[in-house]
Amino acid sequence: MTASFSNKALKALKKKQKSLLAKYLRQLAKKRKNFKATEQKKQVPASASTKRDASPAQRKNAASIYAQSVGPQQDIAQAGDTVPLLFCKRVTIGSTKYGGTWIQPSLLKQGSLDFKEVYLYAISQGNVATAPSTHQAYIGSVALKFLPNITAPTVAQYYKSESQMAAAKNVCPITSGRIFCDIDTAYYTANFDSPKGNVLRFSIEYTTSFSNGGLITRGVGDTTNTTWSVPGTEIKVFEVATGIDRTAEYWAIRSTTPANTTFSFNQRFDSNSNLIGGQPVGHKVGATFPLTFGSPDPNFFLQEYGVSEPCVQIFPAGTVNKQTNTSNPASTGELYGIEEEVYFSSVADPASFPTSYDFTVFSDITFLEINGDISDDFQGEKPRKTTRQLSVFYENGADVVLYSQGLTTTGPSNQFADLAMHLFALIKRANPSNASISQPIDTSNLQTLATFAQNIKAFFNGVIDQSVNVVEYVTSMAPFFLLSFISKNGRYSLQPLLPLSSNNIDISALTPVKTFTEADILPGSFSKVYFGQAQRRDFNVSVIFRESSAQEIGGQRTKTVRFSGTANDAPTEQFDMTDFCTNQEHAEMYAKYELSRRKHSTHTISFDVPLLTTSLIPTQIIKVQRQRINTTGDDRTETETYQITSIEHASDGTTGILAMHFPVNGSGVSLISNDIVNTAFEVV
């Protein structure tokens, strides 16, 4: 009975499985994807600012292409952009200068005062104490000092600390009186009236802000007898928001008719108001300095257009008269038009904002202001207020606490250790004046590491221009400086990737900090994993870095490093160090490390031991001795040296160790270290 029942049950089960499988296949056929079409990409909501921050266009490190051409248009800052951190220091070692960096900042604000251009850029978080000279600031491919046909623009730098701003929140750190912290206070060029036609639009700010304005004649040559006119019958007025034709309302509030009205431009009168010709190029009308402001006029549009909403007034091409005064010869120059400059302020006196204003968001940022004509030339007889990208060479970056010198004073630095500590300070995890806050990061060896970096010329000269996770950033960047960022006894720590002696790479016999034998390793816990063949074959290393010459904008260079005998067509791996590396020695040193490590280190191991209470940490060198017995009964001792890469203490009372093969020669000298120091590599 039992066997018969089991067979029947099995047959029923198989029959049911077939039915379910058939049903599943039918459902799958109905839901099958259309493999000929691309699947819709998923869009993360509310991520526009993050994507812009991470885009290549937002990088502030200069690229060599800008030095070889007029360059791209100036990048304009947007809300949510990250203020960059300029970190660099130019030093002289022997007769060679190292460091400094080019930065291509975004434009924060653009203005005009007395028809002289004003530009404001955010250079860096923190205080950059040294301002650049005009020969170190380029528009496109030309330094400000060497711009032709104009007076060289001037540069000014501004900075206020958080404490300074907290003491006077209403005082803007930009003190030139040309550009303001207040978003509603601005001086800029607006309408451009042209003989070829133009659109006149008054800003809504006339109804809400204190205002003033001026005009200037633009053109070339002699325009002292040139004017142009447009008959009133050809004028059109439209409401901006609705597009409704408001021409009738415009004329209804005036004591004249279109047929009896002619609009004339650039006229010049004598003291008795007699028309005597046209205004010369550069003639200004209107505002005098210092500025006085008219009060807001809520009825401005009602008085101007007969409606309460903003309107545009359209002027078609006019009739140009180069001999307005028939008693004088005709003008020989070209009249481009009349440019308007407007001044708006949220307060009656923009030189002194009331205490209710708060500009503390401008604290602890270094700003650069440029005053002068750096915009593109007139195009098609109309002014262009765009510029080419600004590139500035800074010898020194933001002031940071100089842990690398064992000091609590501040100054510029090119040491990665100082950068790491500064990044932790920005997130309130490090403070030299507060021991309890400083505790999470070990600072005891930072001077030693700084001397080592100085000896191998491994400096950080660059711009951090994107939001970063500090721990991830420092961890990923440390190997480029032959360092490892580790967790040591509950604290973060920077440790050298190679053993050091007298602050240089140690090429003497190594003494492992501990030897592990079969007696230490828990049975069944030991494993060995060899690197794949692709990782162990001969290859070339290509490293990209930047020039730090003050005479050329951020020129990028590349060097290929390989062992002698490696074929030219061997696989090449590229390492981009342009974010921070400005000298060939640094780039070559890292390339040699990668080549030597990959050549000599063949595998990793992992094993467990009873809980370790010693201060064993990653990067230290250990020795592992094990008895090796194969199927033929060959019994021998296998001894290898390793570099610890990870240590984990488990709750079950064991310690797990992960280590990378770190071989030594017969004299106990590291093969990796010896290659880096003594082997002649090919550099092309």
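## Disulfide and cysteines

The structure holds one disulfide, and since this is a predicted model, the bond is described here as it appears in the computed coordinates. The disulfide joins Cys172 to Cys181, with a distance of 2.1 Å from S to S. The link of Cys172 and Cys181 is right-handed, with 70 degrees about the S-S bond, and both Cys172 and Cys181 are buried. A disulfide is, in general, a covalent bond between the sulfur atoms of two cysteines.

Two further cysteines can be described by their accessibility. Cys88 has a relative accessible area of 1% and is therefore buried, the cut-off being under 20%. Cys311 counts as buried as well, because its relative accessibility is 0%.

## Helix H9 and its surroundings

Helix H9 covers residues 470–477, and its buried residues are Val470, Tyr473, Val474 and Met477. Seen down the axis of H9, these buried residues fall within an arc of 90 degrees, so they line one face of the helix. This fits a general property of the α-helix, which has 3.6 residues a turn, so that residues three or four places apart point the same way.

The buried residues of H9 pack against helix H6 (416–426) and against three strands, namely E26 (462–464), E27 (483–488) and E28 (491–496). At the start of H9, a side-chain oxygen of Asn469 reaches to within 3.2 Å of the backbone nitrogen of Val471. In the loop between H9 and E27 lies Leu482, which has a positive phi of about 55 degrees although it is not a glycine. Leu482 counts as buried because its relative accessibility is 1%.

## Helix H8 and the loop to E26

Leu449 is placed in helix H8 and counts as buried, because its relative accessibility is 5%. Leaving aside residues up to four places away in sequence, Leu449 touches Gln415, Leu483, Leu494 and Pro496. Leu449 and Leu500 are 51 residues apart in sequence, and their C-alpha atoms are 9.5 Å apart in space.

Helix H8 spans residues 446–456, and Lys457 is found in the loop between H8 and E26. The phi angle of Lys457 is near 60 degrees, a positive value in a residue other than glycine.

## A three-strand sheet and the pair E11–E19

Three strands form an open sheet in the order E15-E13-E20, and their pairing is antiparallel. Strand E15 (262–265) and strand E20 (319–321) stand at the edges, each with a single partner strand, so one side of each is left without a neighbour in the sheet. Neighbouring strands of this sheet are turned by 25 degrees against each other on average, with direction ignored. Strand E13, made up of residues 227–231, is joined to E20 by three bridges, and the two run antiparallel; the bridge partner of Thr227 in E20 is Asn321. In general, strands of a sheet pair through backbone hydrogen bonds, either parallel or antiparallel.

Another antiparallel pairing involves strand E11 and strand E19 (residues 311–315), which are joined by four bridges. Within that pairing, the bridge partner of Arg201 in E19 is Val312. Strand E11 (residues 198–201) has a covered face, formed by Asn198 and Leu200, and an uncovered one, formed by Val199 and Arg201.

## Two loop positions

Thr602 is located in the loop between helix H11 (584–600) and strand E36 (603–610). With a relative accessible area of 15%, Thr602 is buried, because the cut-off for that class is under 20%. The side chain of Thr602 makes a polar contact with the side chain of His603, at 2.7 Å. When residues up to four places away in sequence are not counted, Thr602 touches Tyr530, Phe531, Arg536 and His661.

The other loop position concerns the peptide bond that joins Phe289 and Pro290, which is cis, with an omega of about 5 degrees. Pro290 has its place in the loop between strand E18 (284–286) and helix H5 (300–305).

Terms used: Residues are numbered from 1 along each chain as its sequence is written. This is a predicted model: local features need pLDDT of at least 70, side-chain atom pairs count only at pLDDT 80 or more; totals for chains, interfaces and linings use all residues. Side-chain values use heavy atoms; hydrogens and water are left out. A disulfide is a pair of cysteine sulfur atoms within 2.5 Å. Buried means under 20% relative accessible area, exposed over 50%, partly exposed in between (1.4 Å probe, protein chains only). The arc is that of the directions from the helix axis to the C-beta atoms. Contact means heavy atoms within 4.5 Å. A polar contact is a pair of N or O atoms within 3.5 Å; within protein, one must be able to donate a hydrogen and the other to accept it, and residues adjacent in sequence count only if both atoms are side-chain atoms. Two strands pair if DSSP finds at least two bridges between them. Axes are lines fitted to C-alpha atoms, for helices over the stretch in contact, and angles run from 0 to 180 degrees between N-to-C directions.
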